[in-house]
Amino acid sequence: MNAWGKVNGVKGDDILFLSDTKTFFSKEYGWPAGMSDRNGRWAMVFDHGKVTYAENEKSPGQVTVSGAEEVLAKL
């Protein structure tokens, strides 16, 4: 995720891209992985350590709650 941010020109220290490669975080949050150890698509926004937005896509291939426009609207 960090490399994706760099490639796409994200600058500054206000946005931190993280990944959950083994799905430990998402499983603890109650968002189980599919049939493998891959996450579904989801997004979270934190403000000073507090979660202010957290949504996961209900159907594979859907981008309704985790897309850029939706997440940017929550900032």
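## A nonpolar patch on the surface

Let's start on the outside. Met1, Trp4, Val10 and Ile15 come together as a nonpolar patch on the surface, and their combined accessible area is about 390 Å². One member of this patch, Trp4, lies in helix H1, which covers residues 2-7. Please keep in mind as you read that this is a predicted model.

## The overall layout

Stepping back, the protein chain has three helices and two strands. Read from the N terminus, its elements follow the order α-α-β-β-α. The C-alpha trace spans about 35 × 25 × 25 Å along its principal axes.

Of the 75 residues in the protein chain, 24% are buried. The chain exposes about 6,200 Å², with 55% of that area coming from carbon and sulfur atoms. Among contacts with a separation of 6 or more, 15% are between residues 24 or more positions apart.

## The nonpolar core

Which residues make up the largest nonpolar core? There are five of them: Ala43, Val45, Tyr53, Val65 and Val71. Two of these, Ala43 and Val45, are worth a closer visit.

Ala43 sits in strand E1. Its relative accessible area is 10%, so Ala43 counts as buried, the cut-off being under 20%. Beyond its neighbours within four places in sequence, Ala43 contacts Trp31, Tyr53, Ala54, Glu55, Ser66 and Val71. Tyr53 and Val71 on that list are also members of the core. Ala43 and Tyr53 are 10 residues apart along the chain, and their C-alpha atoms are separated by 7.7 Å.

## Val45 and its surroundings

Val45 is also part of strand E1, which runs over residues 42-47. Is Val45 buried or exposed? It is buried, because its relative accessible area is 8%.

Leaving out residues up to four places away in sequence, Val45 touches Lys50, Val51, Thr52, Tyr53, Val71, Lys74 and Leu75. Tyr53 and Val71 are fellow core residues here too. For a sense of distance, take Leu72: Val45 and Leu72 are 27 residues apart in sequence, while their C-alpha atoms are 9.2 Å apart in space.

## The salt bridge

How many salt bridges does the structure hold? There is one, and it pairs the side chains of Lys74 and Glu70 at 3.7 Å, N to O. Lys74 may sound familiar, as it is one of the residues that Val45 touches.

Both partners fall into the partly exposed class. Lys74 has a relative accessibility of 37%, so it counts as partly exposed. Glu70 is at 29% and therefore counts as partly exposed as well.

## Asn56 in strand E2

The last stop is Asn56, found in strand E2, which takes in residues 50-56. Asn56 counts as buried because its relative accessibility is 18%, and the cut-off for buried is under 20%.

The side chain of Asn56 makes a polar contact of 3.2 Å with the side chain of Lys58. Apart from residues up to four places away in sequence, Asn56 touches Trp31, Arg41, Trp42 and Val65. Two names in that list link back to the earlier sections: Val65 belongs to the largest nonpolar core, and Trp31 is also in contact with Ala43.

Terms used
Residues are numbered from 1 along each chain as its sequence is written. This is a predicted model: local features need pLDDT of at least 70, side-chain atom pairs count only at pLDDT 80 or more; totals for chains, interfaces and linings use all residues. Side-chain values use heavy atoms; hydrogens and water are left out. Helices (H or I, at least four residues) and strands (E, at least two) are DSSP runs, numbered from the N terminus. Buried means under 20% relative accessible area, exposed over 50%, partly exposed in between (1.4 Å probe, protein chains only). Contact means heavy atoms within 4.5 Å. A polar contact is a pair of N or O atoms within 3.5 Å; within protein, one must be able to donate a hydrogen and the other to accept it, and residues adjacent in sequence count only if both atoms are side-chain atoms. A nonpolar core is a set of buried Ala, Val, Leu, Ile, Met, Phe, Trp, Tyr and Cys residues joined through side-chain atoms within 4.5 Å. Patches are made of residues with over 30% relative accessible area and no salt bridge: like charges are joined within 9 Å, nonpolar side chains (Val, Leu, Ile, Met, Phe, Trp, Tyr) within 5 Å. Accessible areas come from the Shrake-Rupley method with a 1.4 Å probe; for residues, only the protein chains shown count as cover. A salt bridge is a side-chain nitrogen of Lys or Arg within 4 Å of a carboxyl oxygen of Asp or Glu.
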